Amino acid sequence: MKAAQKPIHAVTTWVRRQPPKIKAFLGVVSAMTALVLLRMIVHDHDNLFVAAEAVHALGISVLIYKLTKEKTCAGLSLKSQELTALFLAVRLYCSFVMEFDIHTLLDSATLVTTLWVIYMIRFKLKASYMEDKDNFAIYYVVVPCAVLSVLIHPSTHHHIINKISWAFCVYLEAVSVLPQLRVMQNTKIVEPFTAHYVFALGIARFLSCAHWVLQVLDTRGRLLTALGYGFWPIMVLVSEVIQTFILADFCYYYVKSLMGGQLVLRLPSGVV
């Protein structure tokens with residue numbers, strides 16, 4: 001096992017020593033390689049979206065276990081959970097008035113569990129909530145997302161309120177994890193269950209992003225025109241890419257810590 005870890009340690013050490021531009025380039029190359037592999041392996045790319053939902057559900061299951069068995073919410077961001085509940089509620093509204101499908105049921109289940117998590121943090125486990133570490137001002141993301149949704153939204157035949165709401169939930173989902181990253185940045189030490197949950201979010205968002213990108217490639221860009229015209233189709237893809245890369249750095253250190261046999265994840269300064 002130690003012999004197998006030496007090449008991995010050598011690679012991670014080399015990557016860590018590279019300047020930010022080289023790291024960014026390596027990240028892009030790795031993402032493109034993963035997309036190519038997924039395109040070759042997964043024939044029905046709609047399965048990627050199902051896989052993303054499944055991984056997200058697995059992450060929520062880990063979170064539920066932490067709250068019920070460990071009886072602590074230390075390291076979790078209440079503000080991230082509230083932002084998640086907000087964009088899910090808006091997306092559910094859009095689903096009911098615009099397009100009711102299986103994703104509506106999945107979002108309903110996710111919203112219920114998210115509201116339960118919020119209840120546990122606010123009331124049942126309030127003593128372990130690290131309020132001083134959860135200091136991200138959520139209006140920094142809510143207000144810009146609201147303004148952007150008014151300016152850039154779908155050009156479909158739906159009512160203007162519904163189109164703005166749809167855009168708002170897309171933009172807010174992309175940045176809803178930022179308060180959680182701030183908590184981890186403030187604590188520097190991430191306990192296992194929180195690390196598993198955030199890593200699951202990262203994988204789920206990568207799979208969701210891969211689903212969109214591969215669908216665009218498969219339809220030779222027709223999917224973008226189906227979404228409307230103007231900046232909106234591009235903003236959908238940009239939002240998917242942003243929410244993937246926001247968690248990319250954390251996922252790298254998570255995998256590195258896991259390969260090193262460390263149960264507690266210690267983050268260097270400036271990681272998230």
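Let me start with L106, which sits in helix α5, in what I should say at once is a predicted model. Is L106 buried, exposed or something in between? With a relative accessibility of 34%, L106 counts as partly exposed, because that value falls between the 20% under which a residue is called buried and the 50% over which a residue is called exposed. If you look for V50 in the structure, you will find that L106 and V50 are 56 residues apart in sequence, while their C-alpha atoms are 10.0 Å apart in space.

Now let us look at the helix around L106. Helix α5 covers residues 102-124, and its 23 residues should span 33 Å at 1.5 Å a residue, which agrees with the 32 Å between its end C-alpha atoms. Which residues of α5 are buried? They are T104, D107, T110, L111, T114, V117, I118, M120 and I121.

In the loop between α5 and α6 we come to I138, which has a relative accessible area of 28% and is therefore partly exposed. Setting aside the neighbours within four places in sequence, I138 is in contact with K79, L83 and P179. For one of these partners, L83, we also have a distance, since the C-alpha atoms of I138 and L83 are separated by 8.0 Å although the two residues are 55 residues apart along the chain.

Another loop residue to look at is K71, found between α3, residues 46-70, and α4, residues 78-98. Most residues other than glycine have a negative phi. K71, however, is not a glycine and still has a positive phi, of about 55 degrees. Is K71 buried or exposed? Its relative accessibility is 56%, so K71 counts as exposed.

Let me move on to helix α11, which runs over residues 232-246. This helix has 15 residues, and the distance from its first C-alpha to its last is 21 Å, close to the 21 Å expected at 1.5 Å a residue. The buried residues of α11 include W232, P233, M235 and V236, and L237, S239, E240, Q243 and T244 are buried as well.

Next come two cysteines. C209 counts as buried because its relative accessibility is 9%, and C251 counts as buried because its value is 13%. A disulfide is a covalent bond between the sulfur atoms of two cysteines. How many disulfides does the model contain? Using the rule that the two sulfur atoms must lie within 2.5 Å, the count comes to zero.

I would also like to bring in the database record, with the caution that the UniProt entry is unreviewed. Its annotation "transmembrane region" covers residues 24-42, 104-123, 135-152, 193-214 and 234-255. Turning to the model for two of these spans, residues 104-123 are 100% helix and 0% strand, with their end C-alpha atoms 28 Å apart. Residues 193-214 are likewise 100% helix and 0% strand, and here the end C-alpha atoms lie 31 Å apart.

Finally, let us step back to the whole protein chain, whose secondary structure comes to twelve helices and two strands. Read from the N terminus on, the elements run α-α-α-α-α-α-α-α-β-α-α-α-α-β. Of the 272 residues in the chain, 43% are buried, and the chain exposes about 14,700 Å², of which carbon and sulfur atoms supply 69%. Among the contacts with a separation of 6 or more, 77% come from residues 24 or more positions apart.

How confident is the predictor, and where is its confidence lowest and highest? The mean pLDDT of the chain is 80, and 75% of its residues reach 70 or more. Confidence is lowest in helix α1, residues 2-16, at a mean of 58, and highest in helix α6, residues 139-151, at 95.

Conventions:
Residues numbered from 1 in each chain as written. Predicted model: local features only at pLDDT ≥ 70, side-chain atom pairs only at ≥ 80, totals over all residues. Heavy atoms only, no water. Helix = DSSP H or I, 4+ residues; strand = E, 2+ residues; numbered from the N terminus. Buried < 20%, exposed > 50% of the residue type's maximum accessible area, 1.4 Å probe, protein only. Expected span 1.5 Å × (residues − 1). Contact = heavy atoms within 4.5 Å. Areas by Shrake-Rupley, 256 points an atom, 1.4 Å probe, with all protein chains shown as cover. pLDDT = per-residue confidence, 0-100. UniProt positions renumbered as here; feature names shortened; annotations may be inferred.
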